[in-house]
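This note concerns the aromatic side chains of the model shown below. The points are set out for discussion among colleagues.

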Amino acid sequence: MAIQRTARAFVVLLTAGTLLLAGCASRPVNQTAAAGNESAKQGQTSASTPKQGGVLKVGVTADAVGFDPHLVDAYSSGLVIEQVYNGLLKLDDKMQVQPDLAETWDVAPDGLTYTFKLRQGVKFHNGREMKAADVQYSLGRVKDPKSPRAYLLEAVKSVDVVDDYTVKLTLDKPFAPLLTNLASALMAIVPKETVAKNGDLQKVADGTGPFILKDYVPGQMIKLERNPNYFVKGQPLLDGIEIKPMPDDTARVTAIRTGEIDLAIQLPAKDISTLKADKNVVLVGGPSTAYDYIGMNTTRKPFNDVKVRQAMAYALDRQAIVDTALFGEGTVIKTGPVPPGHWAYLDSTAYQRDLNKAKQLLAEAGYPNGFKATVKVGSAYQSQIAIAQVVQAQLKEVGITIDVKPMDWGLFLDEAVNKHDFDLTILGWIGFVDPDGFLYPEFKTGEKWNYVQFSDQTLDAMLEKGRTTLDANQRKQIYADVQKRVAEQAPYVFIELQNQYEGSRPYVQGFYHMATGSMQAFHQVWLDK
């Protein structure tokens, strides 16, 4: 769900603190994600006939921080949103765009007009039928320049109602990631009257999805109830879902092993081998699009100096971080965040640990004896705290003294992402498919999710070219150059792509892992008990 693994976003978008950004894609698809999903789809299956009933109890790492699909930035919120809402399109488990509220769509030969035919008879949870005016309103809400997701529809000039069940999008330029942007769980279609009544949708939810938000007790429980009027025949099979925030990794692992909960997500790397050996737990997962990084406030000294940022990159042993903090459950990022196996993957190495080079750059920047700084990290994500501690030890070898400051998740997001009040952060993103999603919102000047406030006109031009070029081979070269430029300027020190795992009790049927972190499998999960 591309919401920064905040500490990743769900389109986007996620293991450690994840923000969620909207997943962005154009064909060819992310082959890594597709392959990861294929191997992970070996979730529990049964010869029994799927049956309706029962409540799925799910343990998650962090509590939701709001339910407005057009405003939220946390993966924990995205998990709820994709159960409650639908968009025009959706991604399947192979990362291919499929119909959702739109039954069909046509693209004009010049690529500047997209016409969508909507399903008829689909109702919001408030009982009113969803129509084209709702699509126009919802996409207009996303397109608003004040919206944190305006970049997803940046090329859309207008959204017009042709009739009650037909919507036309007119673009002012080609836009490669449009269809996959529209398939993000955060591009949900919402009713205008519910927004007007409440001001926004942060504390309420009113979608067309398979589940209805029934109750929310902050920090304790989110209760979802089956939508009896859902438009997909035979879904959902569950009577409901109870989502329980369990930030303590040990407590979450114990809960799935003892049967206190039916399913646990974002299981800690340190317990994977134990869970694999437990016959009462079905473990699925593997490589994902979730990555961790050190974000540097590029407007604050000394991180406004590229030599200091590069020194940080040279000072770190990423494999040691993965081995120590993540027990080997991850893949070191060698240059940029697009994962191995993706058509836009760049197989080159920008930085290897070189303490002498790091010290040289620090001296050239005027810090021969190093400096002191604070790294803020969300306390709900213990793996990111562990990463911070290893980083702290490694940076000390070049004279950089780091104070690790775990913070309440909501406060952390407010201070770091919204107010830019930080020296360093350790955070993550998840949910991407198209390379535009991996790079544009994080590094384009002035974008909401560019919270490190990095600005580079050369990179800006490259990013714009990448999203307006339709030829896949040309885009591959563009994004190779983009990733090299980002690595050179080093607003982030990329660390690793995480392996992500979910565990369920054997009676949980129909669940499968998605490399984007999506839990859309809940739509078809059933309990064989």
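**Aromatic contacts in the predicted model**

1. In this predicted model, K448 places its charged end over the ring of W449, at 5.4 Å from the ring centre. A second such contact involves R467, whose charged end sits over the ring of Y440, 3.5 Å from its centre.

2. Aromatic pairs number 19 in the structure. One of them joins Y293 and Y492, which are stacked, with 3.8 Å centre to centre and 5° between the planes. Y293 belongs to strand β14 (residues 282-296) and Y492 to strand β19 (residues 492-504), so this pair ties together parts that lie 199 residues apart in sequence. Both Y293 and Y492 are buried.

3. The pair of F422 and Y451 deserves separate mention. The ring centres of F422 and Y451 are 5.4 Å apart and the planes stand at 50°; the pair is therefore tilted, since planes under 30 degrees apart would count as stacked and those over 60 as edge-to-face. F422 lies in the loop between α12 (409-418) and β18 (424-429), while Y451 lies in the loop between α13 (435-443) and α14 (457-468); the pair thus links distant parts of the chain, 29 residues apart. F422 and Y451 are both buried.

4. Which residues do ring pairs link into a cluster? The members are Y291, Y293, F443, Y492 and F494. Y293 and Y492, the stacked pair of point 2, are thus also part of this cluster.

Notes:
Residues are numbered from 1 along each chain as its sequence is written. This is a predicted model: local features need pLDDT of at least 70, side-chain atom pairs count only at pLDDT 80 or more; totals for chains, interfaces and linings use all residues. Side-chain values use heavy atoms; hydrogens and water are left out. Rings of Phe, Tyr and Trp (its six-membered ring) pair if their centres lie within 6.5 Å; planes under 30 degrees apart count as stacked, over 60 as edge-to-face and the rest as tilted. Helices (H or I, at least four residues) and strands (E, at least two) are DSSP runs, numbered from the N terminus. Buried means under 20% relative accessible area, exposed over 50%, partly exposed in between (1.4 Å probe, protein chains only). A charge sits over a ring if NZ of Lys or CZ of Arg is within 6 Å of the ring centre and within 35 degrees of the ring normal.
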